[in-house]
Amino acid sequence: MKLYRAQEILQSEAKIDVELNGVSVWIDSVDPEKETAKVHVELQPADSRVVPVDELQEIQ
């Protein structure tokens, strides 16, 4: 995923499906300088991690 798209998804009011290694995740924040995103597994907000934005995949 491109950095700009991760930022658009973060700001969107719509639910946009995003996966990390085949697992549904929510984007909590995006760091444009490091090109990383803080994400958590959809139903486990306590299980968060920082990953490179290019590892995220938008599901359509």
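Tutor: In this predicted model, the largest nonpolar core has 14 residues, and those with the most contacts inside it are M1, V18, I27, A37, V39 and L56.

Student: Which helices and strands each supply at least two residues of this core?

Tutor: Helix 1 (3-11), strand 1 (18-20), strand 2 (23-31) and strand 3 each do so, and strand 2 gives the most, with 3 residues.

Student: What makes this set of residues a nonpolar core?

Tutor: The term applies because its members are buried residues of kinds such as Ala, Val, Leu, Ile and Met, joined through side-chain atoms within 4.5 Å. V39 is among the residues with the most contacts inside the core, and, not counting residues up to four places away in sequence, V39 touches L20, V25, W26, I27, D28, D47, S48, R49, V51 and L56.

Student: Why is H40 called buried?

Tutor: Buried means under 20% relative accessible area, and H40 has 11% relative accessibility, so H40 counts as buried. H40 lies in strand 3 (residues 36-41) and, leaving aside its neighbours within four places in sequence, is in contact with S24, V25, W26, D28, P45, D47 and S48.

Student: How do you know whether T36, also found in strand 3, is buried or exposed?

Tutor: The relative accessible area of T36 is 16%, and the cut-off for buried is under 20%, so T36 is buried. Leaving aside neighbours within four places in sequence, T36 is in contact with S29, V30, D31, V50, V51, P52 and V53.

Key. Residues numbered from 1 in each chain as written. Predicted model: local features only at pLDDT ≥ 70, side-chain atom pairs only at ≥ 80, totals over all residues. Heavy atoms only, no water. Helix = DSSP H or I, 4+ residues; strand = E, 2+ residues; numbered from the N terminus. Buried < 20%, exposed > 50% of the residue type's maximum accessible area, 1.4 Å probe, protein only. Contact = heavy atoms within 4.5 Å.
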